[in-house]
Amino acid sequence: MRVEGERKLVAKENMTGADLLIQTLVDANVDTIFGYPGGAVLPIYDALYRSDAPFKHILSRHEQGSIHAAEGYARVTGKPGVVIGTSGPGATNLITGIADAMMDSLPVVVFTGQVASSVIGTDAFQETDVMGLTTPITKYNYQVKDLADLPRIVNEAFHIATTGRPGPVVVDIPKDISETLTAGEYPTDFHLPGYQPTTKPNPLQIKKLTEAIKQAEKPLILAGAGVVFAEAAEQLKQFAESYNIPVVNTLLGLGSFPASHPLSLGMAGMHGSYTANMAIYDCDLLINIGARFDDRLTGNLKHFAPKATVAHIDIDPAEIGKNVMTEIPVVADAKEALDALLAEDIGSPSFADWENKLMENKVNYPFWYNDSTDELLSPQWLIEQIYKESDGEAIVTTDVGQHQMWAAQFYKFEKPNRWVTSGGLGTMGFGFPAAVGAQLGKPDDLVVAIVGDGGFQMTLHELSVVHEHNLPVKIMIVNNEALGMVRQWQEKFYDKRYSESILANPDFVKLAESYGVKGYRVNKAEEFVPLLKEVFAYDGPVVVDCRVIKEECVYPMVAPGKGLQQMIGVKK
Ligand SMILES: Cc1ncc(C[n+]2csc(CCOP(=O)(O)OP(=O)(O)O)c2C)c(N)n1
Ligand SMILES: [Mg+2]
């Protein structure tokens, strides 16, 4: 444990609070900041201008763009995303992204400007209660009251955002604090006795789980994003292979276990595979590693894993037993828990009958789709082609809706940190700015943003950013001229009353071109693959308006209120 006051930041004569902030960010090894200036952060932007700090600042065109980019950056690099926004409207424009990062446990540190301390509470120009607004949607938040606390608070913010279960931390900095001239020494060390996440599993609980595996006839692993955050994909593979335990993934856990692995049953949940959902229904031991039993995964809880003993490994004790009764709780980091399990002697249990049944299901009930027509592409086929042409190696980001579910079903993720989607909050407009952040985090990787025609229009202003920095993001608009997922629910559950779900869209090609970005439109299957090859080979941003069959629905599906065993749209 660090000793308080051990490390110090020495401020030179005439440094401002903002200079101190920049210096602290440099010391924290920040390489990219996403942000947007304004009155309350003018001192910070001035300090940025004057500094020779080695990091990049990316000017988004709307604060929502900054925060989703920071989330995308965090998701692919594992490092914290850093955001600066001004007070009032700057801060409120960040709210959706902060909530999104909270739901999906993404390490993001957000600095908001605040009006001067002397006028806080007077409804001063561009004042908003950032602490009040962000308390329920952050892992922690601070308002800096004293300049001397600033370096320590910044270090604490990074520590809290990135350790235990990651999450967003907001630091609200009144303008007078960042403007004040300062000199002297400031402690940067911190001591947080009330925040000590448990990472090592209790050995007795590991023994219990070991015994349960020995007793089981139909064990199943449910792998969530916790495996990715803990960098435990290799351990998961070893564990599953050692005992031949099949694996299903949550939406956000995709990539934590190779999709092509014989033991992989794919994604479970509302639009998961029949095999994965039936495996959950039939298993007698469910080992949840780093997933939070979200309702889109479980369906009706009355029918969820009804025959199973449930074990749940999670670094956040609040998740265990929250939705699903859990017989074997293990509070731990996923990697530590898997290492402990791998060190146990479980013998060589055989689950051959169970596996044979699951493999049969896998062959008999794959995801299926209708072919492209002469005039329109099949959206699922389109995703398969993106998968093939990128050799399964792309970083894929998405918005929310049908295209998101098709991407999850048809892009087979072999590795972690390559799937960037808004799972918990389900934020339309997430995909493209997240791709900006992902590309900045992984400049040499192919980044494909698979977006909806609806979602893209929520944040397409970030085209300025990809043009300005020549970020070679490939934006594939799955254009069904509809808020497709809404349209699907209206078709299935509201008697085809398509209330406000059909879109009149702009000319996306001209729109891209007006930002200086290449644009293409494609509607014929035979033209799609050659175009894709050209687009992927091009070293710059591209928008492709892919015209797809409008009536297509996402199948199979667990209808609202139903259990995972009651899927519709399953085909043999
Ligand atoms: C910010 C926001 N507003 C509304 C919704 C509700 N919603 C979920 S999916 C969807 C339709 C998305 O349409 P589009 O982006 O075209 O994707 P598609 O479903 O057609 O693939 C809507 C409106 C949402 N998820 N996020
Ligand atoms: Mg659409």
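Which residue has a polar backbone atom 2.9 Å from an oxygen atom of ligand 1? That is Met 485, and I would like to begin with the surroundings of this ligand, keeping in mind throughout that what we are looking at is a predicted model.

Taken alone, ligand 1 exposes 590 Å², and the protein buries 76% of that area. The elements that contribute two or more residues to the shell around the ligand are α16, running from 402 to 410, α18, from 453 to 459, and α20, from 484 to 493; of these, α18 gives the most, with four residues. In total, 17 residues surround ligand 1, and the closest are Gln 402, Gly 426, Asp 453, Gly 455 and Gly 484. Sorted by class, the shell is made up of seven nonpolar residues, nine polar residues and one charged residue.

Besides the pair at Met 485, two further polar pairs deserve a mention. A nitrogen atom of ligand 1 lies 2.8 Å from a polar backbone atom of Gly 426, while an oxygen atom of the ligand is 2.8 Å from an N or O atom in the side chain of His 403.

Let me turn to the second largest pocket, whose volume is about 490 Å³. It is lined by 26 residues, and those closest to its centre are Ala 259, Gly 266, Phe 367, Gln 409 and Lys 412. The elements giving two or more residues to this lining are β11, which spans 264 to 267, α15, which spans 379 to 389, and α16, the helix that also appears in the shell around ligand 1. The largest share of the pocket lining, four residues, comes from β11, and by class the lining has 13 nonpolar, nine polar and four charged residues.

Next come the enclosed spaces. The structure holds three cavities of 30 Å³ or more, and the largest of them has a volume of about 70 Å³. Among the residues lining that largest cavity are Arg 75, Val 228, Leu 252 and Leu 254, together with Lys 415, Arg 418 and Trp 419; the lining as a whole has five nonpolar, two polar and three charged residues.

I will finish with a single residue, Thr 138, which sits in the loop between α5, at 130 to 134, and β6, at 140 to 143. Is Thr 138 buried or exposed? Thr 138 counts as buried, because its relative accessibility is 6%, and the cut-off for that class is under 20%. Its side chain reaches the backbone oxygen of Thr 134 at 2.7 Å.

How values were computed: Residues are numbered from 1 along each chain as its sequence is written. Chains are lettered from A and ligands numbered from 1 in the order in which they are written. This is a predicted model: local features need pLDDT of at least 70, side-chain atom pairs count only at pLDDT 80 or more; totals for chains, interfaces and linings use all residues. Side-chain values use heavy atoms; hydrogens and water are left out. On a 1 Å grid over the protein atoms alone, a cavity is a set of points where a 1.4 Å probe fits but cannot get out, and a pocket is an open set with protein on both sides within 12 Å along at least five of seven lines; lining residues have an atom within 4 Å of a point. Grid points are joined across faces, edges and corners, and a volume is the space filled by probe spheres set on the points. Ala, Val, Leu, Ile, Met, Phe, Trp, Tyr, Cys and Pro count as nonpolar, Asp, Glu, Lys and Arg as charged, and the others, Gly among them, as polar. A residue is near a molecule or strand if one of its heavy atoms lies within 4 Å of it. A polar contact is a pair of N or O atoms within 3.5 Å; within protein, one must be able to donate a hydrogen and the other to accept it, and residues adjacent in sequence count only if both atoms are side-chain atoms. Accessible areas come from the Shrake-Rupley method with a 1.4 Å probe; for residues, only the protein chains shown count as cover. Buried means under 20% relative accessible area, exposed over 50%, partly exposed in between (1.4 Å probe, protein chains only).
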